[in-house]
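Please read the following note with the sequence and the structure open beside it. The points concern charged side chains and the pairing of strands.

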Amino acid sequence: MSDSPFSEELTARLQVMRADLESIGQSHLLEHVEGHSPECLESLLDRCDEIDLLSAHAFIEQASASEFEAPPLDRITPAVSISRHPEDEEDLRTRGQQLIDAGKVAAFTVAGGQGTRLGWNGPKGSYPAAPLTGKPLFRLFAEQIQAAGRSAGRKIPWYIMTSPINDAETRAFFRDNNYFGLDRTDIFMFPQGVFPSCDDAGRFMLASPESIAVNPDGHGGSLRALRNSGAIEDMQARGIEQISYFQVDNPSVRALDPLFVGLHLDAQRSSGEMSSKMIPKSSPEEKVGVFCSIDDRTCVIEYSDLPEELAEARDDRGELRFIAGSIAIHLLSVDFVDRITAKGASVGLPLHKAHKKVPHYLPNEDRMVSPDAPNATKFEMFIFDAIPLAARSLVYETDRVEEFAPIKNAEGVDSARSSHELQLERAARWLENAGHWFPRNEDGTRLADVEISALTAMQPSDLEACPDVPESISAGDQLAI
């Protein structure tokens, strides 16, 4: 009779997993299991299977060979962008609207983050982002999708990538809010993948006796998550041709922008595979990636990777040369994503490494360690690294007030306070552009606050004869319309 505390089935699983981990030099992950319960071992084996450590190891080995390295400075030039108002703007907008109305464009929100940095206990998408009503980010996007569907006379699908740490909470939040008035069958939710974290010797780490230390695979992981979740197949079955990608922390994003779609489809400017939006950087230090051209291929270089000499370079007019800031808004064709993920992983995307503090479990001492200094490498992919894989890519300049009011920090730049200010200023501009008088003082400062729901207006012209707009707006008013 065996002295093993484990069943024959569990012992067989353990032997198979040991052999797999030995083949990649990670067998240490199982050295402690004999001292723990069958339930602990089963949980650990389940987690190893979920992560697919063999595939993760192979992918890290393969992708590390293409890790980003800044090329020589003379190969990096500023990217060319399309101006805010191209000459054929109305024709492009009409063409984009036709594709949206035909049900061939889906919204895709990357929403894997928690609100911890904001002091919010919950998924970031549940954070109250609207300046007056406090509507959460998810509701703001849902209202846009609902309004676009109402205009098109059809339902528009919404794909949402969560993360393992907030997937259950996000699903519950949608259920509790009755899916914000959308049909639950048109919301496709799935968690992003993870990578195991590695210690300085390249060994995978334990988060507890029964789990692996992992980190989300980054917003670039959204591409392989679309594949692995079945979302790509779902899009193809629905006749979706284009994916409108945006991240959850930007309440001012245009979830479905007809002009951007029209530009993306324009064969004279773009391949229709992947297009991006940019805003002019406010300073060399602004923490956004920068659109550049390397050997005539458009790409984004992270602000931390852009050489200081280029970040601060100015032209003859004194303006930043590398001024095109990435705001994480893209259009991708379904065929493009299908092609570059055909092997089950985001082929061609480099892995970005970050040396971080990773709490971990020491099995030989049976205790947790919370390091005071960085002790491990985390791996992630960035969505913008897919841009050079497109046959041609377009970069379209947009306006900060109109489309970029991110909520990333508790205070200061990119905080709820700065986002509210941008949202309120946009609403004031929309009312003025629609012919309504808005109270301002001599230096242009707003004297009233108005919040505009997407169900009321998707653009300034929707406010021209809108019954929800009061006849007059007075200084000190706070109105939600």
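The numbered points below treat salt bridges and then one sheet.

1. The structure under review is a predicted model. In total, it holds 38 salt bridges. Three individual pairs and one network are taken up in turn.

2. The first pair for attention is R171 with D167, whose side chains meet in a salt bridge at 2.8 Å, from N to O. Both residues belong to helix 6, which spans residues 167-176. Because R171 and D167 lie 4 residues apart in that helix, about one helical turn separates them.

3. Are R171 and D167 buried or exposed? R171 has a relative accessibility of 30%, so it counts as partly exposed. D167 has a relative accessibility of 15% and therefore counts as buried, since the limit for a buried residue is under 20%.

4. A salt bridge also joins the side chains of R224 and D217, again with 2.8 Å from N to O. R224 is classed as buried because its relative accessibility is 12%. D217 is buried as well, with a relative accessible area of 0%.

5. In the third pair, the side chains of R446 and E421 form a salt bridge of 2.8 Å, N to O. This pair links distant parts of the chain, with the two positions 25 residues apart in numbering. E421 sits in helix 13 (416-433), while R446 is found in the loop between helix 13 and strand 20 (449-451).

6. How accessible are R446 and E421? The relative accessibility of R446 is 14%, so R446 counts as buried. E421, by contrast, is partly exposed, its relative accessible area being 42%.

7. The student should not read the pair R446 and E421 in isolation, for both residues take part in a network of salt bridges. The other members of that network are R84, E397, D399, E425, R429, E432, R440 and D449.

8. The final point concerns an open sheet of 3 strands, which has the order 6-18-15 and antiparallel pairing. Which strands form the edges of this sheet? The edge strands are strand 6 (198-199) and strand 15 (352-356), and each of them pairs on one side only.

9. Strand 6 pairs with strand 18 (residues 376-380) in the antiparallel sense, over 2 bridges. As an example to locate in the structure, C198 has T377 of strand 18 as its bridge partner.

Terms used. Residues are numbered from 1 along each chain as its sequence is written. This is a predicted model: local features need pLDDT of at least 70, side-chain atom pairs count only at pLDDT 80 or more; totals for chains, interfaces and linings use all residues. Side-chain values use heavy atoms; hydrogens and water are left out. A salt bridge is a side-chain nitrogen of Lys or Arg within 4 Å of a carboxyl oxygen of Asp or Glu. Buried means under 20% relative accessible area, exposed over 50%, partly exposed in between (1.4 Å probe, protein chains only). Two strands pair if DSSP finds at least two bridges between them.
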